[in-house]
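Take the fold from the sheet outward. Then turn to the charged pairs and end on a single serine.

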Amino acid sequence: MDMKIAGLVLAGGQARRMHGQDKAFLDTGNGFSLDRVFARLQHECSAVAISANGDFARFSAWQCPVLPDSIHNVGPLAGVLSGLEWAEKYGYDTLITIPVDTPFIPVGLVAALVPAPSYACCGGQSHPLVAAWPVSAKPVLAAQLSFLTAENKKHQTRVRTLAHVLEARAVDFPLIEGVDPFMNINTPEDLMRAQKYCAPVCRVDAARGNG
């Protein structure tokens, strides 16, 4: 039976180091960061949603579900949980997550990550939010985020904690033009590097027919 795979752009962060600028709308030099992540998921998944809070109207151009966090102040796992709930409701087996500030996702990501659970690695650096999650893991994550205390919150809200519990595989990807394709944009300096990196990455994608 064919696996039904959904994609989720994680766009719920507060972007403190970007001085509150919405990371979805960072100019990478070839479209918004959200444009690039959304396009990769749309190309490789059956459906795509955006995990975000605030005014949903800002995402109307992408014509997809926008999922608010049902649990607050627990970091990106709140978005993963909302995504798993949405994917389960519509009968998907696997959820692929990508942070919105990771715009240079390589072609073929989904095929490399399935079967779930798994997450991307490159050059010895793990990227646990660029991941494939089995939708059946929803109760596991819900339990992990229940009964948080001051003592256990840091551990329980770590993405790596969920990956460890699920015994997720690390999937290695090569550097592209000498750079980790899962680089994320956390600071204005990162954005400048991303804009410099964008042109060679686009050439690589175009050569593969996925520009």
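**Helices on the sheet**

Helix α2 lies across β1, β2, β3, β4 and β6 (125-134), running at about 150° to β1. Contact here means heavy atoms within 4.5 Å. Axes are lines fitted to C-alpha atoms, for helices over the stretch in contact, and angles run from 0 to 180 degrees between N-to-C directions. Helix α1 lies across β1, β2 and β4, and runs at about 170° to β1.

This is a predicted model, in which local features need pLDDT of at least 70, side-chain atom pairs count only at pLDDT 80 or more, and totals for chains, interfaces and linings use all residues. Residues are numbered from 1 along each chain as its sequence is written, and side-chain values use heavy atoms, with hydrogens and water left out.

The protein has seven helices and seven strands. Both are DSSP runs numbered from the N terminus: helices are H or I with at least four residues, strands are E with at least two. From the N terminus on, the order is β-α-β-β-α-β-α-β-β-α-α-α-β-α. Contacts between residues 24 or more positions apart make up 70% of those with a separation of 6 or more.

The protein has 211 residues, and 53% of them are buried. Buried means under 20% relative accessible area, exposed means over 50%, and partly exposed lies in between (1.4 Å probe, protein chains only). About 10,300 Å² is exposed by the protein, with carbon and sulfur atoms supplying 53% of it. These areas come from the Shrake-Rupley method with a 1.4 Å probe; for residues, only the protein chains shown count as cover.

**The sheet**

Now follow the strands. Seven of them form an open sheet in the order β3-β2-β1-β4-β6-β5-β7, with mixed pairing. The edge strands, β3 (66-67) and β7 (169-172), each pair on one side only. Two strands count as paired if DSSP finds at least two bridges between them. Strands of a sheet pair through backbone hydrogen bonds, either parallel or antiparallel.

Start at β1. Five bridges join β1 to β2 (residues 47-51), and the two run parallel. L10 has S51 as its bridge partner in β2. β1 also pairs with β4 in the parallel sense, over six bridges. There L10 stands opposite P99. The direction then switches: β4 and β6 run antiparallel, joined by four bridges. In this pairing, I96 stands opposite A132 of β6.

How many residues of β4 are buried? Six of the six are, so β4 is largely enclosed by the rest of the structure. Both faces are covered. T94, I96 and I98 are buried on one side, and L95, T97 and P99 on the other.

**Three charged pairs**

Side chains of opposite charge can pair when their charged atoms come close. The structure holds three salt bridges. The criterion is a side-chain nitrogen of Lys or Arg within 4 Å of a carboxyl oxygen of Asp or Glu.

K23 pairs with D101, their closest N and O atoms being 2.7 Å apart. K23 lies in the loop between β1 (5-10) and α1 (33-44), and D101 in the loop between β4 (94-99) and α3 (109-113), so the pair ties together parts that are 78 residues apart in sequence. K23 counts as buried at 14% relative accessibility. D101 counts as buried too, at 8%.

E44 and R40 form another salt bridge, at 4.0 Å from N to O. Both sit in helix α1, four residues apart, so about one helical turn separates them. Both are buried.

K138 meets E88 with the closest N and O atoms 2.6 Å apart. K138 lies in helix α4 (residues 138-144) and E88 in helix α2 (residues 77-89), so this salt bridge ties together parts that are 50 residues apart in sequence. Buried or exposed? K138 is partly exposed, at 21% relative accessible area. E88 is partly exposed as well, at 40%.

**A buried serine**

End at S118, in strand β5 (residues 118-122). S118 is buried, with a relative accessible area of 1%. Its side chain reaches the backbone oxygen of L113 at 2.5 Å. Leaving aside residues up to four places away in sequence, S118 touches L113, A131, A132, A168, R169 and V171. Of these, A132 is the residue that stands opposite I96.

Definitions and conventions
A polar contact is a pair of N or O atoms within 3.5 Å; within protein, one must be able to donate a hydrogen and the other to accept it, and residues adjacent in sequence count only if both atoms are side-chain atoms.
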